[in-house]
Amino acid sequence: MPMEEVRELKEALERVEGKIIAAANVYGAMNFAFWLVAMSLFFVIIGLAGAGPGVSVAYWGTAIILGIYVSIKLWERIERLAGPQGGSRVGALMIGLSWAVGSIIGWWVIPSMTNIGVNAGARLAVGFLTFIGVSLLGQWLVMGGGKGHYEMIPSFLFPLLVIPVAVNMEKGAMVWAGFVVAFSYGLTVLLYLYSAFKAIER
């Protein structure tokens, strides 16, 4: 095969690879964008209906069920496009286990420890940040850790880093924690989209 044809074939394969990587990054961004929308809508609903426990349980119960379905579908697409990324059945089970561990620590263990936080609100915020940080850190490790998905790092790094601040907040700790998580998810979405554009331009 002439060198010219070899070079053209290589360039064509690189363009295809770039599009595949870009699509996988867009799906990753969509997953975090879903939860960003869910969190934002929750604050809108609180403003209209109040922050009663019944409203919160009903809302997040529905959001979690829908979010799990959306996440599974998106990561299945990523796996088909870019190869195994923790999206196999074993990978999905491990990711689910990560979120289960994060839930236990963040929503049960920490809230029950009265020596954490200056009050119950601060303790709840610490639990929420821990839940997000531990769960997503575990998911990132399952999906390869240092071998890829660097775009995910802000989603768990920022919530974990600000825990010492939340511990000492006397008022508005939970709302503040929600905005921290929203910021970290928004940054993750931007990084995924940036990576997608870089892949397309290869």
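This tour moves through a predicted model of a helical protein, from the whole chain to single residues.

**Conventions**

Residues are numbered from 1 along each chain as its sequence is written, and side-chain values use heavy atoms, with hydrogens and water left out. Because the model is predicted, local features need pLDDT of at least 70 and side-chain atom pairs count only at pLDDT 80 or more, whereas totals for chains, interfaces and linings use all residues.

**The whole chain**

Begin with the entire protein coloured by secondary structure. It has seven helices and zero strands, where helices (H or I, at least four residues) and strands (E, at least two) are DSSP runs numbered from the N terminus. From that terminus on, the elements read α-α-α-α-α-α-α. Of the 202 residues, 37% are buried; buried means under 20% relative accessible area, with a 1.4 Å probe and protein chains only. Contact is defined as heavy atoms within 4.5 Å. Among contacts with a separation of 6 or more, 73% are between residues 24 or more positions apart.

**First stop: α4 and α7**

Select residues 120-142 (α4) together with residues 173-200 (α7). Two packed helices are described by the angle between their axes and the distance between the axes. Axes are lines fitted to C-alpha atoms, for helices over the stretch in contact, and angles run from 0 to 180 degrees between N-to-C directions. The axes of α4 and α7 come within 7 Å and cross at roughly 20°. The two helices are therefore roughly parallel to each other, a label for angles under 35 degrees. The crossing of α4 past α7 is right-handed; that is, the near helix is turned clockwise from the far one by less than a right angle, left-handed being the anticlockwise case.

Now show side chains at the contact. On α4, the participants include Phe128, Leu129, Ile132 and Leu136, and on α7 they include Val180, Val181 and Tyr185. By class, this contact has 13 nonpolar, two polar and no charged residues. Here Ala, Val, Leu, Ile, Met, Phe, Trp, Tyr, Cys and Pro count as nonpolar, Asp, Glu, Lys and Arg as charged, and the others, Gly among them, as polar.

**Second stop: adding α5**

Add residues 153-161, which form helix α5. The axes of α5 and α7 are 7 Å apart and the packing angle is about 155°. That makes α5 roughly antiparallel to α7, the term for angles over 145 degrees. α5 also passes α7 in a right-handed crossing. Pro154, Ser155, Phe158 and Pro159 in α5 meet a set of α7 residues that includes Phe183, Leu187, Thr188 and Leu191. This contact has nine nonpolar, three polar and no charged residues.

Next, turn to the pair α4 and α5. Their axes are 8 Å apart, at an angle of about 145°, and the crossing of α4 past α5 is left-handed. Contacts on the α4 side include Gly133, Val134, Leu137 and Trp140, while Ile153, Ser155, Phe156, Pro159 and Leu160 contribute from α5. The contact has ten nonpolar, two polar and no charged residues.

**Third stop: the largest core**

Select Phe32, Leu129, Ile132, Leu136, Met152, Val181 and Tyr185, the residues with the most contacts inside the largest nonpolar core, which has 34 residues. Such a core is a set of buried Ala, Val, Leu, Ile, Met, Phe, Trp, Tyr and Cys residues joined through side-chain atoms within 4.5 Å. At least two residues of this core come from each of α1 (3-49), α2 (53-82), α3 (89-112), α4, α6 (163-167) and α7. The largest share, nine residues, is supplied by α4.

Centre the view on Leu129. Beyond four places in sequence, this residue touches Pro159, Leu160, Val162, Ile163, Ala166, Ala177, Val180 and Val181.

Then move to Met152, in the loop between α4 and α5. Met152 counts as buried, at 0% relative accessibility. The C-alpha atoms of Met152 and Phe32 are separated by 9.1 Å, although the two residues are 120 apart along the chain. Not counting residues up to four places away, Met152 touches Phe32, Leu136, Gln139, Trp140, Met143, Thr188 and Tyr192.

**Last stop: Ala38 and Thr130**

Select Ala38 in helix α1. Ala38 is buried, with a relative accessible area of 5%. Leaving aside neighbours within four places in sequence, Ala38 is in contact with Tyr59 and Trp60.

Finish at Thr130 in helix α4, buried at 9% relative accessibility. The C-alpha atoms of Thr130 and Ile105 are 7.3 Å apart. Outside four places in sequence, the contacts of Thr130 are Ile105, Ile110, Ser135 and Ile163.

Note on methods: Parallel < 35°, antiparallel > 145°, perpendicular 65-115°, else oblique. Buried < 20%, exposed > 50% of the residue type's maximum accessible area, 1.4 Å probe, protein only.
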